[in-house]
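Reader: I should be grateful for a close look at a single part of the structure shown here, followed by a connected account of its setting.

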Amino acid sequence: MTGDVPVTREQRSEGWSGIASVRRHVRRLFTLSLQSIRGKIVLPYLILTLIVAVVGIYVVTNLVSSSLDERLTNQLLEAGRVVSDSLARWEIGHLELARMVAFTEGLPEALRAGDQERVEALAKPVAVVRGAECLIVVDAGGREVLHVLQKADDGSLESVEGTSDVSELWMVRALLESGDPNALPSRGLGVHRANQRYYYFTALPVGLDDEVIGVVVVGTSLDTLLSHFKVTSLADVIVYLDGGRAVATTFSYAELSTEVDALLDELSITPAMYEGALYSDKAVAGQDLRIRGRWYRVARDCLRVGDDRLGVFAVALPSQFIVRAGTTSRNTYALIFTAAMAAVIFVGYFISQRITRPITRLVRTSRAVAEGDLDQRTGIVSVDEIGLLATTFDEMTGRLSERTHALEEAIGRMRAILSSIGDGVLLEDVEGNFISLNTAAETLLEDMAANFMLGPLRDLSLTEVDQSSGSQPNPWLLEHRRFQVGEKVISAHSAAVQTDDGEHLGTVIVMRDVTAEVEAERLKDAFITHVSHELRTPLTAIKGYSELLLATTSDVLDQNQRDFLDMINHNTDNLVAMINELLDFSEMEARGRLGLQRRPLLLSALVKDIAEEWRPRMDEKGLRLQVEAPADLPQVKADDRRLRWAVINLVRNALQYTPRGGSVTLRLSRHDGQVILDVIDTGIGISPAEQKRLFNRFYRVTNATGDDVRGLGLGLYVARVIVEAHGGSIYAVSEEGVGSTFSVVLPALEGQQGYEGEGDMTHPGDTS
């Protein structure tokens, strides 16, 4: 038999004593934890973990559990706005096509005359180019003059047979009755009588002499619009007309043709719902529909363009759409919470390291300095004793390494700059030895050595020097050179290296592989040359036949037809001139240099020859051309063909920009060992802002005259290049409304005088 053993007073006292002892140990442990490094690490870590846990719970319970219904509704409203914007952009396309047809040259006159064939010949190509599905042109009496419709099989346009009265269309009738050719366009939705498909129509009046002589109607099928709306809005679309009847929907794409009518009846709405959406200023959202076994959320809005309310449309999204989004959001928040927990662990580790790292770093730095590494620093910033010790240690080390560090930094910076340069850098010292300064230079030299087996080294820059002098210049004195080694082309730029005291240390050379750029320029020039030659052949035929027609049919053609042939002939001349200019420019650019054949030349003879050549054109335009040249003008050393090209460009420029009745003067003079040619005109002048860019290639002034001035903007650029290649200069002085003076300055050949004694040569009415 057993029984409970009674607890004595001594045993109870010992139990309370044990509990008190445990409490004392816990309190002591907590106190020590606040004073020790371990406590400084563990306590902030635990607090930070608790904060992150609370924030994570808040995120999961509040953000993830937010209203899915509200998000779905917002998505629907956004899809509705996308549909409205898409319809507005489609309307802009309708208006552009309607205006192109209405303002086609000759169409209003043909429409007024009832010339159906002419209207079709003018309007149908525009519809084909713009991809119109339906185009109707109606005369002032409401009768169809043109009616084309896009085929469903191949997309081509076919004419709808039979002319009918379409004035019963309210938008056509309203525009005809208004009588205002500037009336706003009208829009509407309706069934096309030919294929019984619903179309979206835009009507625009056609005016002539402030009268409405017809209407242009452009149409696009609802099937095309709905397909576009579904792609842009990422939602299914329904269109309602006639009091709520569904007439088209993207849901029908997955249905058989025999089941489409039943589906439209199922999607139709009541007249009250239709009227409410039609005249509402904002979308009506929130209705749930079950369509073919799936639940959808539907939003309805007015199908409106401008002030025209055409009907009602609805956008629908499956309810499962937002459920998937919610699942994605929960996964995202779960990932964020996990990342936050990882951040807590990382921060805790960082805190512990922050306490022990300064001591370890100070020990490691002191050992490195003791071994001679004076660049080591503790990097400790603190206000405690360890921080003060580290700061003092860093200052001591800095004073020791200041001078050495300055020198090493300068050398290291220079090496880094040279290494980062993609071009090769060489140094030629005073003894003629070449020193490679970066790896890019070594690579280029190795490539040149490898390509040397494919062909000899050719210095292309030597071709740039005038060979007529008979001297061979030092190639290293050239600032820019090009070498060709085999298949590679290397560009080299050189500059002298000198100290502040002027002591010559050598020459620095920067090399770059420009093979790809040279090949690209060659292909470009070959393409321009080929295309220009191919264009010149048909233009020659056009010019020949037009001149033949003018010469052989003068008694058959009326004045308008002869004017047309004259215009063809004139524009052909302009095109041929531009192509010739482009060919010459392409030749100059392809060679890189002009290849001048410079000989002593009497500039006055060249100028007078050009003046006689261009005098018929000046007379034809009613301009007075005169040449002023002194008899004792010295010769210049020039390439006759190239310099002639430059002067012709200046004369052509004066001809083009001088109005009828003006004058052009070619004045020659000498000054300080130079021969000066001034091309003076009384033209329209050039603004100061445009004078800065006047000699750039492909640049043309914007204040041209009313004449048909054609060109590529290369004439003045070519003239500048040719003159500068002769060692001369060219500049312009101009005043708007007064005229311009283009001056060419060339070095004269002293001691060689010209002996053309004609003096001034003027025309008309001049005296020699």
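Which residues line the largest cavity?

Author: The model is a predicted one, and the answer below should be read with that in mind. The lining of the largest cavity consists of Leu 87, Leu 189, Tyr 200, Leu 222, Leu 225, Phe 229, Val 239, Leu 303 and Leu 310. Sorted by class, this lining comprises 9 nonpolar residues, with no polar and no charged residues. Helix H7, which spans residues 222-233, gives the most to the lining, contributing 3 residues. The volume of the largest cavity is about 40 Å³. A search of the whole structure returns 1 cavity of 30 Å³ or more.

The setting of this cavity is a chain of 768 residues, of which 38% count as buried. The secondary structure of the chain amounts to 18 helices and 25 strands. Among contacts with a separation of 6 or more, 61% are between residues 24 or more positions apart.

A helix pair offers a second view of the chain. Helix H16 (residues 640-656) and helix H18 (residues 715-725) have axes that come within 9 Å and cross at roughly 145 degrees. The crossing of H16 and H18 is left-handed. On the H16 side, the contact is made by Arg 642, Leu 643, Trp 645, Ala 646, Asn 649, Leu 650 and Asn 653. On the H18 side, Gly 715, Leu 716, Val 718, Ala 719 and Ile 722 take part. By class, the contact of H16 with H18 has 8 nonpolar, 3 polar and 1 charged residues. The lining of the largest cavity, by comparison, has no polar and no charged residues.

A single glycine completes the account. Gly 622 lies in the loop that runs between helix H15 (603-621) and strand E19 (624-628). Gly 622 counts as partly exposed because its relative accessibility is 34%, a value between the limits of 20% for buried and 50% for exposed. Apart from neighbours within four places in sequence, Gly 622 is in contact with Arg 660, Gly 661 and Gly 662. One of these partners, Gly 661, is 39 residues from Gly 622 in sequence, yet the C-alpha atoms of Gly 622 and Gly 661 are 5.4 Å apart in space.

To return to the part requested, the largest cavity has a lining of 9 nonpolar residues, and helix H7 is the element that gives the most to that lining.

Notes
Residues are numbered from 1 along each chain as its sequence is written. This is a predicted model: local features need pLDDT of at least 70, side-chain atom pairs count only at pLDDT 80 or more; totals for chains, interfaces and linings use all residues. Side-chain values use heavy atoms; hydrogens and water are left out. On a 1 Å grid over the protein atoms alone, a cavity is a set of points where a 1.4 Å probe fits but cannot get out, and a pocket is an open set with protein on both sides within 12 Å along at least five of seven lines; lining residues have an atom within 4 Å of a point. Grid points are joined across faces, edges and corners, and a volume is the space filled by probe spheres set on the points. Helices (H or I, at least four residues) and strands (E, at least two) are DSSP runs, numbered from the N terminus. Ala, Val, Leu, Ile, Met, Phe, Trp, Tyr, Cys and Pro count as nonpolar, Asp, Glu, Lys and Arg as charged, and the others, Gly among them, as polar. Axes are lines fitted to C-alpha atoms, for helices over the stretch in contact, and angles run from 0 to 180 degrees between N-to-C directions. A crossing is left-handed if the near helix is turned anticlockwise from the far one by less than a right angle, and right-handed if clockwise. Contact means heavy atoms within 4.5 Å. Buried means under 20% relative accessible area, exposed over 50%, partly exposed in between (1.4 Å probe, protein chains only).
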